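Thanks for coming. I will walk through one structure today, and I will start with a question once it is on the screen.

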2 protein chains.
Amino acid sequence: MFIVVGERINTSRKKVQEAVANKDIQYIKDDVTRQQAAGAHYIDVNAGARIGHEKEDMEWLLKIIQETVTIPLCLDSPDPEILEMAYGMVKDRPMINSISLEKERYEAMAPFLKGKDCNVVALCMDDTGMPKNFEDVIERAKRLVKGLEDIAIDRESIFIDPLIQPISVDTSKGIMAIDSVSGIMKELPGVHTICGLSNISYGLPQRKIINRTFLSLLMYAGLDAAIIDPLDDKIMAALKTTEMLMGNDDYCVKYLKGVRAGQIVF
Amino acid sequence: MFIVVGERINTSRKKVQEAVANKDIQYIKDDVTRQQAAGAHYIDVNAGARIGHEKEDMEWLLKIIQETVTIPLCLDSPDPEILEMAYGMVKDRPMINSISLEKERYEAMAPFLKGKDCNVVALCMDDTGMPKNFEDVIERAKRLVKGLEDIAIDRESIFIDPLIQPISVDTSKGIMAIDSVSGIMKELPGVHTICGLSNISYGLPQRKIINRTFLSLLMYAGLDAAIIDPLDDKIMAALKTTEMLMGNDDYCVKYLKGVRAGQIVF
């Protein structure tokens with residue numbers, strides 16, 4: 001099953017920031033209810049945008065969201081202290097977003113993650129920046145998996161993000177990302193792959209068409225999770241259609257249910 | 001470069017049949033002009049629907065279309081006598097649509113094709129019907145290529161159609177078609193693959209979403225030609241976006257040109 005992490009609860013989004021500032025509980029409840037109804041498997045919660053308020057904003061958001069949805073949460077912060085608080089608040093096994101190979105981030109996150117019961121998003125980023133090529137991604141993915149397995153995070157709980165880069169900068173970046181996903185799935189059996197999609201279309205017009213077409217190609221390459229907006233009907237239509245075309249929808253039941261719910265739209 | 005064969009000039013389509021019956025030259029001219037402008041590389045011409053009139057209809061259509069477009073034609077008939085006439089009428093090297101492994105069709109088409117200067121669509125169909133599985137497709141593709149090479153059609157002129165079957169009947173048919181395309185491209189280097197897409201979605205709602213998503217997956221698998229409607233903006237948007245994502249659009253120029261022309265739409 002392809003895993004959808006709903007990306008909407010992020011205080012860098014204007015309406016979410018306003019809701020947090022105004023303590024608008026109903027706005028948050030409505031948003032996450034709709035994300036779950038649209039097929040999200042996790043609700044990502046990122047409270048980083050109001051500088052100096054991350055901890056209180058995260059706490060406020062988690063309390064409301066926990067009361068509202070029955071799906072688990074993806075705790076999105078670089079700060080282990082905030083993650084420790086958040087981890088203590090959630091009812092279900094969360095996803096932690098994220099660790100990377102950047103020295104400072106790794107050293108902050110590894111002690112927090114050690115022995116925790118959670119899924120982990122692991123970014124192929126180090127102190128030299130984004131990966132340069134396919135080989136670089138595979139080498140970084142292996143280092144991340146080794147490091148996480150050493151602190152008792154099993155492979156099935158690891159979601160490697162190969163980090164998608166803009167095709168407008170270098171037209172080989174689409175194929176590099178696709179090959180990276182299939183390479184990680186092959187070289188590290190049992191591990192998951194996850195992507196945010198929107199970087200691919202940075203700097204180009206009609207970005208949503210690019211993002212949703214890219215999602216189909218990445219799914220074919222083996223991607224099994226994505227951080228997306230589940231209320232974007234068109235990307236969800238691409239996702240459900242691709243799952244069906246890849247033979248992962250017996251009797252086309254999920255697709256047909258999506259059509260009846262008005263979710264498979266142009 | 002991905003090859004688009006424009007499928008619109010087919011007398012089984014009501015408006016085309018009316019235009020042919022009424023000798024409406026302008027309708028045909030407008031349609032093929034628009035197909036070329038939208039990016040078609042061939043105009044398929046099928047005059048089979050008015051029983052007893054195929055030869056005269058084909059002749060009438062070819063004359064008009066030849067005067068109107070500068071791209072080559074795809075001569076679509078099972079009748080070698082009609083194809084011989086049509087072949088004599090075209091200015092540019094045509095595509096012939098099609099030969100198959102059905103005994104009667106093969107024996108009619110092979111003598112016509114022998115030594116001709118043309119591309120050929122070759123269907124993986126034999127007298128037992130559609131291929132049952134991946135191995136079946138590959139075996140048939142090899143027989144078709146062997147047979148055509150024996151009559152001096154070189155491999156680079158052969159477009160194998162693996163024959164897409166409805167996913168509503170068997171959910172493995174999507175993967176079978178995708179694997180078939182990559183298998184043919186790998187096992188028979190130099191050969192081309194071509195598909196009509198619409199069979200995949202037979203019996204399901206929102207067929208166009210399925211067809212265009214499937215096109216992206218097939219292109220990733222190696223498909224290099226499709227028989228489609230170039231005036232369907234959404235399938236052309238999927239095509240151009242996929243070409244860009246696969247690194248076949250330097251500086252994203254074709255994509256950006258498509259956006260400016262209003263062709264990259266949801």
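Which helices and strands of chain B do the buried residues of H3(B) pack against? Before I answer, please keep in mind that this is a predicted model. The partners in chain B are strand S1 (3–10), helix H1 (14–21), helix H2 (25–38), strand S2 (42–46), strand S3 (73–76) and helix H4 (80–89).

The buried residues themselves are Glu54(B), Asp57(B), Met58(B), Trp60(B), Leu61(B), Leu62(B), Ile64(B), Ile65(B) and Gln66(B). As a general point, an α-helix has 3.6 residues a turn, so residues three or four places apart point the same way. You can look at the list of buried positions with that in mind.

Helix H3 of chain B covers residues 54–68, which is 15 residues. At 1.5 Å a residue the expected span is 21 Å, and the end C-alpha atoms are 21 Å apart, so the two agree.

One of those buried residues, Ile64(B), gives us a link to Gln26(B). Gln26(B) sits in helix H2 of chain B. The two are 38 residues apart in sequence, while their C-alpha atoms are 9.1 Å apart in space. Gln26(B) is partly exposed, at 46% relative accessible area, whereas Ile64(B) is buried.

Now for chain A as a whole. It has 10 helices and 8 strands. For 266 residues, a compact globule would have a radius of gyration near 18 Å; chain A has 18 Å, so it fits that expectation. The C-alpha trace spans about 45 × 40 × 35 Å along its principal axes.

Of the 266 residues in chain A, 57% are buried. If we take the contacts in chain A with a separation of 6 or more, 68% of them join residues 24 or more positions apart. The exposed area of chain A is about 10900 Å², and carbon and sulfur atoms supply 51% of that. Chain A carries 32 positive and 40 negative charges, and the mean positions of the two sets are 4 Å apart.

Next, two residues of chain A that touch each other. Leu75(A) is in strand S3, residues 73–76. Is Leu75(A) buried or exposed? Its relative accessibility is 0%, so Leu75(A) counts as buried. Setting aside neighbours within four places in sequence, Leu75(A) is in contact with ten named residues that you can find on the screen, including Val45(A), Leu62(A), Leu83(A), Tyr87(A) and Pro94(A). As a distance to compare, the C-alpha atoms of Leu75(A) and Ser157(A) are separated by 14 Å, with their positions 82 residues apart along the chain.

Pro94(A) is the second of the pair. Pro94(A) lies in the loop between helix H4 (80–89) and strand S4 (95–100) of chain A, and at 2% relative accessibility it counts as buried. Beyond neighbours within four places in sequence, Pro94(A) contacts Tyr42(A), Leu73(A), Leu75(A), Tyr87(A), Asp117(A), Cys118(A) and Asn119(A). Its C-alpha atom is 19 Å from that of Asp31(A), 63 residues away along the chain.

Some backbone details now. In chain A, the peptide bond that joins Asn97(A) and Ser98(A) is cis, with omega about 15°. Ser98(A) is in strand S4 of chain A. In chain B, the bond from Asn97(B) to Ser98(B) is cis with omega near 20°, and Ser98(B) is in strand S4, residues 95–100.

Chain B also has residues other than glycine with positive phi, among them Ala152(B), at about 70°. Ala152(B) is in the loop between helix H6 (134–150) and S6 of chain B, and at 57% relative accessibility it counts as exposed. Another is Cys252(B), with phi near 60°. Cys252(B) is in the loop between helix H9 (233–245) and helix H10 (253–260) of chain B, and at 1% relative accessibility it counts as buried.

I will end with a residue of chain B and its contacts. Thr171(B) is in the loop between strand S6 (158–161) and helix H7 (173–187) of chain B. Which residues is Thr171(B) in contact with, leaving aside its neighbours within four places in sequence? They are Met244(A), Gly247(A), Asp249(A), Asp250(A), Tyr251(A) and Cys252(A). Thr171(B) is buried, with a relative accessible area of 16%.

Conventions: Residues numbered from 1 in each chain as written. Chains lettered and ligands numbered in written order. Predicted model: local features only at pLDDT ≥ 70, side-chain atom pairs only at ≥ 80, totals over all residues. Heavy atoms only, no water. Helix = DSSP H or I, 4+ residues; strand = E, 2+ residues; numbered from the N terminus. Expected span 1.5 Å × (residues − 1). Buried < 20%, exposed > 50% of the residue type's maximum accessible area, 1.4 Å probe, protein only. Contact = heavy atoms within 4.5 Å. Rg over C-alpha atoms; globule rule 2.2 N^0.38 Å. Areas by Shrake-Rupley, 256 points an atom, 1.4 Å probe, with all protein chains shown as cover. Lys, Arg positive; Asp, Glu negative; His and termini not counted. Charge placed at Lys NZ, Arg CZ, Asp CG, Glu CD.
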